[in-house]
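Work through the exercises below with the sequence and the structure side by side. Try each task before reading the solution that follows it.

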Amino acid sequence: ASDVYKRQLEDFRFLDFSDFIEIPAGDYELAVIPTGAEEPATTASVTLEDGVSVNVLAVGVGANQPLALWPLVNDAEAPDEGNLNVRVVHAAPFAADLADTEVSIRTGGGAVVNDLIGVPFLVESGFFQIPAGTADLKVASNDGRTNLIDPLPVELPAGLDAVSYTH
């Protein structure tokens with residue numbers, strides 16, 4: 001069955017990111033085929049349109065949540081002067097019960113960002129604008145008492161079309 005799929009990425013590993021790949025508009029069946037395997041571990045259907053970019057995330061680990069492909073259309077509108085677009089994507093399947101995967105997105109100081117509390121696995125915020133400058137965001141428990149992911153602050157320039165903050 002692997003002859004049906006045209007390889008776009010090889011030896012792609014957990015936490016890897018690729019540059020965008022130019023693919024003509026049309027309907028496609030995407031697949032993740034483990035190295036050495038003949039059959040896909042998971043597939044997804046996607047329709048690609050001219051001039052529209054799509055991020056495809058491989059999510060799940062089997063033990064907590066099933067392996068899946070998650071296509072996300074990059075549809076942010078141009079940001080206001082001095083701002084940039086951000087989208088928060090919850091792609092970390094760290095529990096079998098979706099309620100146990102809920103997190104909040106906060107600033108380094110603990111303030112909730114864009115009302116993002118109770119965000120479960122496989123939910124994304126859609127794009128929203130933040131002021132350009134140093135972004136210090138973290139993933140925390142819903143009550144904000146426990147930091148789950150606390151990356152270093154990053155400088156984000158005004159006018160940036162879209163940033164996806166994936167955890």
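Helices (H or I, at least four residues) and strands (E, at least two) are DSSP runs, numbered from the N terminus. The model used here is a predicted one.

**Exercise 1.** Locate Leu116 relative to the strands, decide whether Leu116 is buried or exposed, and list what Leu116 is in contact with.

*Solution.* Begin with the position: Leu116 belongs to the loop that runs between E6 and E7. Next, take the relative accessible area, which is 11% for Leu116; buried means under 20%, so Leu116 is buried. Then collect the partners, leaving aside neighbours within four places in sequence: Leu116 is in contact with Val88, Val103, Ser104, Ile105, Ser125 and Phe128. As a last step, compare a position elsewhere in the chain: Phe20 is 96 residues apart from Leu116, and the C-alpha atoms of the two are separated by 28 Å.

**Exercise 2.** Describe the largest nonpolar core and state which strands supply residues to this core.

*Solution.* The largest nonpolar core has 14 residues, and those with the most contacts inside it are Ile105, Leu116, Phe128 and Ile130. Three strands each supply at least two residues of this core, namely E5 (83–89), E7 (128–131) and E9 (137–140). Of the contributions to this core, that of E5 is the most, with three residues. There is also a second, separate core of seven residues, and Trp70, Leu72, Val89 and Ala91 are included in this second core.

**Exercise 3.** Work out how E5 is covered on its faces and how E5 pairs with E7.

*Solution.* First count the buried positions: seven of the seven residues of E5 are buried, so that the strand is mostly covered. Now separate the faces, remembering that in a regular strand the side chains alternate between the two faces of the sheet. On one side of E5 are Asn83, Asn85, Arg87 and Val89, on the other are Leu84, Val86 and Val88, and both faces are covered, with all of these residues buried. Finally, turn to the pairing: E5 and E7 run in the antiparallel sense and are joined over four bridges, and in E7 the bridge partner of Val86 is Phe128.

**Exercise 4.** Examine the surroundings of Arg106 and find which backbone oxygens the side chain reaches.

*Solution.* Arg106 sits in strand E6, which spans residues 104–107. Arg106 is buried yet has no salt bridge, and the nearest side chain of opposite charge, that of Asp143, is 6.2 Å away, whereas a salt bridge requires a distance within 4 Å. The side chain of Arg106 does reach the backbone oxygen of Gly110, at 2.9 Å, and a polar atom of the side chain also lies 2.9 Å from the backbone oxygen of Asn142. Not counting residues up to four places away in sequence, Arg106 touches a longer list of residues, among them Val112, Ile117, Leu137, Ala140 and Asp143.

**Exercise 5.** For Asn114 and Leu122, state where each residue lies, what phi is, and how accessible each residue is.

*Solution.* Asn114 lies in the loop between E6 and E7, and although Asn114 is not a glycine, phi is positive, at about 50 degrees. The relative accessible area of Asn114 is 41%, and Asn114 is therefore partly exposed. Leu122 is likewise found in the loop between E6 and E7, with a positive phi near 70 degrees in a residue other than glycine. At 40% relative accessibility, Leu122 counts as partly exposed.

Methods:
Residues numbered from 1 in each chain as written. Predicted model: local features only at pLDDT ≥ 70, side-chain atom pairs only at ≥ 80, totals over all residues. Heavy atoms only, no water. Core = buried A, V, L, I, M, F, W, Y, C linked by side-chain atoms within 4.5 Å. Buried < 20%, exposed > 50% of the residue type's maximum accessible area, 1.4 Å probe, protein only. Lys, Arg positive; Asp, Glu negative; His and termini not counted. Polar contact = N/O pair within 3.5 Å; in protein donor to acceptor, adjacent residues only side chain to side chain. Contact = heavy atoms within 4.5 Å. Pairing = 2+ DSSP bridges.
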